[in-house]
Amino acid sequence: PDYVALMVEKIRTNWEGRPEVAGQVVVKYTIQRDGTIVNASIEKQSGYTALDFGSLRAVVGTRQFLPLPAAFPNPSLTVHLHFDYRR
């Protein structure tokens with residue numbers, strides 16, 4: 001849980017969540033064992049290009065997280081992160 005909270009907080013620093021329209025975007029990405037972000041893509045579009053690319057930019061702009069916790073058994077972690085835009 002701590003790792004996820006830190007990950008979300010780091011992405012929030014790159015995200016502009018106060019748009020002129022409301023919508024929801026889901027961005028899918030994978031975190032490698034060393035914390036590198038790969039394969040980021042828009043999994044669910046909002047219908048507004050600015051929201052979609054703003055969400056993707058927030059993830060891609062983060063570039064690197066802390067390495068995955070030693071207790072996490074897999075070599076990578078795939079995340080489906082929801083971005084909720086409210087007016």
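These are my notebook entries on the sheet and the nonpolar core of a predicted model.

**Entry 1, the sheet.** I began with the strands and asked in which order they lie. I found an open sheet of 3 strands, ordered β2-β1-β3, and the pairing is antiparallel. Each of the edge strands, β2 (37-44) and β3 (76-85), pairs on one side only. I also looked up the twist: on average, neighbouring strands of this sheet are turned by 20° against each other, direction ignored.

**Entry 2, β1 against β2.** Next I went to strand β1, residues 23-32, which runs antiparallel to β2 and is joined to it by 5 bridges. I noted two facing pairs along the way. Valine 27 has isoleucine 42 in β2 as its bridge partner, and isoleucine 31 stands opposite isoleucine 37 in β2. Then I checked the turn of this hairpin: 4 residues lie between the strands, and glycine 35 takes a positive phi near 95°.

**Entry 3, the core.** Which residues touch the most other members of the largest nonpolar core? I got Ile11, Tyr29, Ile31, Phe65 and Phe83, out of 18 residues in that core. At least two core residues come from each of α1 (2-12), β1, α2 (49-60) and β3. A reminder to myself: nonpolar side chains tend to be buried together in soluble globular proteins. Ile31 was a pleasant one to meet again, as it belongs to this core and also faces isoleucine 37 across the strands.

**Entry 4, isoleucine 11.** Last, I listed what isoleucine 11 contacts, leaving aside its neighbours within four places in sequence. My list reads Tyr29, Ala58, Val59, Thr62, Phe65, Leu81 and Phe83.

Conventions. Residues numbered from 1 in each chain as written. Predicted model: local features only at pLDDT ≥ 70, side-chain atom pairs only at ≥ 80, totals over all residues. Heavy atoms only, no water. Pairing = 2+ DSSP bridges. Axes fitted to C-alpha atoms, helices over the stretch in contact; angles between N-to-C directions. Core = buried A, V, L, I, M, F, W, Y, C linked by side-chain atoms within 4.5 Å. Buried < 20%, exposed > 50% of the residue type's maximum accessible area, 1.4 Å probe, protein only. Contact = heavy atoms within 4.5 Å.
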